[in-house]
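Hi,

Here is the structure I promised to pass on. Have a look at it first, and then read my notes below.

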Amino acid sequence: MNSLLLFAKTFAKKNSICIVSILAASLILVKYLPFLGEHCGVEQDSGLALTLAKNLAQKGIYATDVNAQASPAQPVGPSIYGVPLIHDDVGHSYFDLTAVAVGPGFIVPQAILYKIFGVGWWQNRLWSLFSFWALLALSFHFMLIFGNFLSFLLFFTWIWGIPHFTINPSFEAYPVATTTLYMLISIYFFYYYLKNNLNYNSSKKTAYFWLLFSGVFAGVAFKTKSLALITFAAYALYYLFQIIKSKFSKLSSKLKEFIVLISGFLIPIVLYEAYRFYAIVNKFGIDAYYENNHMINQRLTSGDSGINFLSTILNNFPFIYRKIIIWEDVGISRPLLFWGMIIIIAILLLSQKKYLKNSNKKIIIGIIVTQISIHYTWFILTSPTGWMQHLWFSIYLGMMFCCLGISLIFEKMFTSNMFHFKGILFPKTAIRYVLLTACIIFITYDSTKFNFSPILSYGDLQRWNSNEFRFSRAVTREEKIWSRLSGEPRNPILNLNFQKEVVAFFKSKNNEKFRVYTPNGLLAPEISLMIDKVFFPLSSYSSSYSSSPERVDNSYLILNSYIYGLSPWKLYSFANSDYVDRLVRNSCASIVLINPQYLICLLTPH
């Protein structure tokens with residue numbers, strides 16, 4: 001017994017940082033789990049990604065359950081979204097827009113979990129929950145390793161107090177938390193590479209091992225969400241800086257290191273692209289592969305990328321300003337002052353050795369600052385939207401950097417005998433702690449965004465789903481209608497029980513052969529996911545009905561909360577018109593199910 005206690009004591013002492021990090025992450029997850037189990041269903045975008053993972057696990061195809069064919073006679077070609085898509089005979093959509101938005105870094109782990117545990121409401125959340133928990137644990141570990149206990153405490157308190165910022169990524173199939181996790185793992189590997197590269201007791205092979213895997217995880221992050229290319233861009237700028245700093249005397253060695261890094265970066269990209277090529281060409285032919293490339297190119301160079309919107313956005317300074325103050329969405333009451341504080345912290349940490357004496361740690365902080373700077377510049381100057389989801393991982397890393405910088409500067413100030421400021425000497429007294437704490441609160445704290453309660457409630461859900469909370473930076477009606485300045489939660493938190501009611505309705509039709517249709521582009525993949533059926537666009541009702549290889553007893557139309565129900569997130573253009581009434585009147589023979597979130601009707605037979 002004594003030996004067991006001694007072992008436990010020794011283990012805890014050696015691994016105290018890991019234990020604290022894991023416990024802190026678990027504490028936040030425990031706070032969320034009852035709320036998720038009682039209230040949270042699957043949102044539309046999340047449902048699309050999950051159908052992709054489900055089909056990969058169960059059918060071995062990289063396809064969603066949402067059909068978007070402009071015509072059933074054209075399995076490869078135009079779609080209702082205006083881009084070319086690929087469909088099989090059943091109607092599955094292969095390597096479609098969802099596959100571009102949510103990459104294999106999320107889809108493959110979720111598919112593995114489906115393969116092991118099957119498809120179900122909790123299984124839908126497993127990878128999101130695990131990756132979110134792992135991100136928190138790794139982040140807390142980073143704060144304790146690179147900073148001190150105050151760094152950890154500040155960051156933990158901030159994350160705990162803004163659950164609206166992390167609640168969606170914690171359970172929905174959104175790739176931002178997973179992407180940030182891969183980015184942070186890549187940064188850790190790069191740090192170990194720096195340590196081993198300067199350690200004469202370590203071999204070059206060991207150092208290059210860490211460097212290679214740093215590149216691999218940077219590549220996986222990029223293939224999870226393409227905006228994560230900023231991680232590799234930051235590494236590239238680091239090597240460019242090192243080469244210029246050495247006046248090209250280290251050109252050969254630095255190029256060799258960079259080749260190892262880029263080799264790792266390319267491994268997951270080449271593997272996925274080889275799989276995509278084989279899967280498409282083997283089933284649909286080479287022309288379908290070219291069409292798929294055309295769709296990807298259209299998606300990446302338009303829409304949310306900002307590439308085609310630069311001149312328009314630069315001429316809209318009020319919109320740029322409302323993107324600059326995005327820190328308001330995570331509880332910062334004075335975002336411009338906060339920006340100034342971040343810049344000062346970056347200058348102090350990177351220019352003065354007394355705050356970060358370890359050169360390897362300074363390099364890592366410099367890389368993180370570079371990543372954040374690149375991402376913020378893109379977002380503020382060129383992004384056609386002000387969506388928090390497009391900046392999520394840099395907001396998260398920015399929070400980490402801010403807490404780290406404040407704690408390191410405080411630590412240096414309060415361990416010195418005197419605090420020097422423009423020649424004035426301040427004795428080390430408790431009042432300075434009070435003044436500096438008050439200063440931080442004055443700059444940052446916004447009581448309308450923070451919630452430190454240990455329990456999340458239905459009242460929190462209602463507040464987060466309100467337009468006033470979600471679009472707090474939006475001013476014009478257009479910005480609110482098209483959600484151009486949405487914060488977090490990025491999408492509605494839908495009611496789980498209403499979704500279960502719809503799923504139960506369709507599952508009760510086991511002896512009936514039926515098809516389900518949705519208004520064009522207004523999908524319900526969160527339901528198709530659970531009943532394992534392809535949903536079709538309403539515009540194809542007559543043609544798909546006549547071309548169906550099997551007899552169909554009934555056809556149903558489903559409307560989800562984007563255009564029907566109590567959700568304040570439904571599209572304004574439909575909610576403020578008689579669109580739903582006209583649709584039901586012109587298309588439906590009878591309404592068979594209705595709840596506050598969904599409407600299902602039996603379509604008029606042809």
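**Aromatic rings and nonpolar cores**

Phe-514 is a good place to start: in this predicted model, Phe-514 has a relative accessibility of 6% and so counts as buried, the limit being 20%. Lys-533 lies over the face of the Phe-514 ring, 4.6 Å from the ring centre.

Now for the aromatic pairs. The search of the whole structure turned up 57 of them. Take Tyr-238 and Tyr-239: their ring centres are 5.1 Å apart and their planes are at 70 degrees, so this pair is edge-to-face. Both Tyr-238 and Tyr-239 are buried. Phe-506 and Phe-514, by contrast, make a stacked pair, with 5.6 Å from centre to centre and 15 degrees between the planes.

Phe-506 is buried too, at 2% relative accessible area. Beyond its neighbours within four places in sequence, Phe-506 is in contact with Phe-514, Val-516, Ile-527, Ile-531, Tyr-556, Ile-558 and Ile-600.

Phe-506 also turns up in the largest nonpolar core, which has 154 residues; it is one of those that touch the most other members, as are Phe-142, Trp-158 and Ile-395. Helix 18 (residues 392-415) gives the most to this core, with 15 residues. Another core lies apart from it and has 18 residues, including Tyr-517 and Cys-588.

One last spot to look at is an aromatic cluster that includes Phe-142, Phe-146, Tyr-182 and Trp-210. The charged end of Lys-361 sits over the Phe-146 ring, 5.8 Å from its centre.

Cheers

Terms used: Residues numbered from 1 in each chain as written. Predicted model: local features only at pLDDT ≥ 70, side-chain atom pairs only at ≥ 80, totals over all residues. Heavy atoms only, no water. Phe/Tyr/Trp six-rings, centres within 6.5 Å; stacked < 30°, edge-to-face > 60°. Buried < 20%, exposed > 50% of the residue type's maximum accessible area, 1.4 Å probe, protein only. Lys NZ or Arg CZ within 6 Å of the ring centre and 35° of its normal. Core = buried A, V, L, I, M, F, W, Y, C linked by side-chain atoms within 4.5 Å. Helix = DSSP H or I, 4+ residues; strand = E, 2+ residues; numbered from the N terminus. Contact = heavy atoms within 4.5 Å.
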